[in-house]
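Welcome! Have a look at the sequence and the 3D view below, and then let's walk through them together.

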Amino acid sequence: MRRYRVAVIPGDGVGKEVIPAGLEVLEALAEREGGFELTFDLFDWGSDHYRATGLMMPPDGLDQIRSSDAIYFGAVGSPGVPDHISLWGLRLAICQPFDQYANVRPARVLPGIVSPLRAVTGPELDWVIVRENSEGEYAGAGGRVHRGLPPEVATDVTIMTRAGVERIFRFAFALARSRPRKLLTIVTKSNAQRHAMVMWDEIGAEIAREFADVAWDRMLVDAMTMRMTLRPQSLDTIVASNLHADILSDLAAALAGSLGIAPTANLNPERRFPSMFEPIHGSAFDIAGKGIANPIGSFWTGAMMLEHLGEKTGADRLMRAIERATADTSLHTPDLGGKATTRAVTDAVIAVIRGENL
Ligand code: IPM
Ligand code: MG
């Protein structure tokens with residue numbers, strides 16, 4: 001029996017609804033597959049923990065999850081707790097020390113889902129965005145002095161290192177190579193940002209030489225938004241800096257039909273530390289507590305986690321079960337224009353896993 005220990009952090013808002021739903025689905029899947037077992041260690045970290053203790057997670061939190069095989073994460077952010085505190089106190093407090101530098105964000109039009117782009121169907125929009133997740137615009141470098149006074153000044157400085165840029169390009173080229181089209185688009189803004197982004201371009205071209213069988217091109221980020229919208233079929237794997245990929249991945253999720261569906265993996269590819277898997281959507285306090293959050297994002301996230309753990313057969317089966325559910329429009333939650341509840345979608349996916357020949 002293959003055994004995996006997963007640290008589970010539902011976090012805030014709808015994270016507390018979709019992650020438990022994901023655990024039920026993963027349990028059902030593990031039972032059906034038979035070859036492996038998942039043990040879940042639950043951590044109630046997040047904004048409630050902050051209100052009670054002044055910290056988003058305990059001071060030794062990282063040590064509590066360091067030996068896990070993976071981290072299954074919900075969402076962070078809550079009204080009343082400043083976003084930069086909740087984020088840097090939990091999500092980034094895990095991503096950064098665990099060196100999860102490759103953030104992988106697939107976007108695909110699943111069966112039954114209608115893209116806002118007229119006439120776009122599954123095969124025409126099937127992308128993976130690779131986001132540099134450890135430095136760049138979100139490195140956290142900068143400062144603020146003379147608060148409230150006329151000479152007040154604040155900076156957020158982009159940090160790009162050769163090592164950091166090389167490793168994300170190697171990762172992205174390798175991922176592009178593993179997909180049928182072997183096509184990588186490098187996003188840049190080197191026309192306006194003339195230092196870090198120029199280095200980014202140069203290193204991209206250098207690494208490309210190591211992957212002669214991968215076709216690649218380069219796009220300015222502003223033009224990229226148009227290409228994603230007007231020629232989605234011309235793209236496959238995309239690599240971009242922390243800020244650019246943050247923005248483009250929301251666009252990708254929307255074009256694929258809903259933010260409620262999109263998954264993401266924060267990977268430490270060398271596996272020196274556990275990697276973290278989360279639905280891309282946030283804590284969504286406007287719908288939290290109503291039982292209507294779309295759990296598909298957390299299920300797809302679960303599939304990415306299984307693949308990372310080496311359980312490819314289980315991951316593929318889970319994806320097929322998810323596609324059965326999305327194909328049935330009576331199982332669409334309100335974000336997809338339907339009326340289904342988190343419970344109904346979860347039950348349906350579990351029933352497919354248990355009962356059908358997938
Ligand atoms: C995301 C989110 C976060 C990020 C926010 C909450 C800072 O937008 O995962 O894309 O940019 O890292
Ligand atoms: Mg974002």
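## The sheet

The predicted model holds an open sheet of 10 strands with mixed pairing. Read across, the order is β2-β1-β3-β12-β11-β4-β5-β10-β8-β9. At the edges sit β2 and β9 (215–220), each of which pairs on one side only. From one strand to the next, the twist averages 25°.

As a reminder for your viewer, strands of a sheet pair through backbone hydrogen bonds, either parallel or antiparallel. Side chains in a regular strand alternate between the two faces of the sheet.

## Two parallel pairs

Let's begin with the edge strand β2 and its partner. Strand β1 (residues 2–11) runs parallel to strand β2 (residues 36–42), and 7 bridges join the two. Within this pair, V6 stands opposite F40 in β2. How does the chain get from β1 to β2? The route goes through helix α1 (residues 15–33), making a β-α-β crossover that is right-handed.

Elsewhere in the sheet, strand β8 (residues 183–188) is parallel to strand β10 (residues 237–240), with 3 bridges between them. Here T185 is the residue that stands opposite I238 in β10.

## Around ligand 1

Which residues surround ligand 1? They are L87, R91, R105, R131, Y138 and D246. By class, this shell divides into 4 charged residues, 2 nonpolar ones and no polar ones.

Three of the arginines are worth selecting in your viewer, each for a distance between an oxygen atom of ligand 1 and an N or O atom of the side chain. For R105 that distance is 2.8 Å, for R131 it is 3.0 Å, and for R91 it is 3.2 Å. As for cover, ligand 1 exposes 310 Å² when taken alone, and the protein buries 67% of that area.

Terms used
Residues numbered from 1 in each chain as written. Chains lettered and ligands numbered in written order. Predicted model: local features only at pLDDT ≥ 70, side-chain atom pairs only at ≥ 80, totals over all residues. Heavy atoms only, no water. Pairing = 2+ DSSP bridges. Helix = DSSP H or I, 4+ residues; strand = E, 2+ residues; numbered from the N terminus. Right-handed = clockwise from strand over helix to strand, strands pointing away. Near = heavy atom within 4 Å. Polar contact = N/O pair within 3.5 Å; in protein donor to acceptor, adjacent residues only side chain to side chain. Areas by Shrake-Rupley, 256 points an atom, 1.4 Å probe, with all protein chains shown as cover. Nonpolar A, V, L, I, M, F, W, Y, C, P; charged D, E, K, R; others polar. Axes fitted to C-alpha atoms, helices over the stretch in contact; angles between N-to-C directions.
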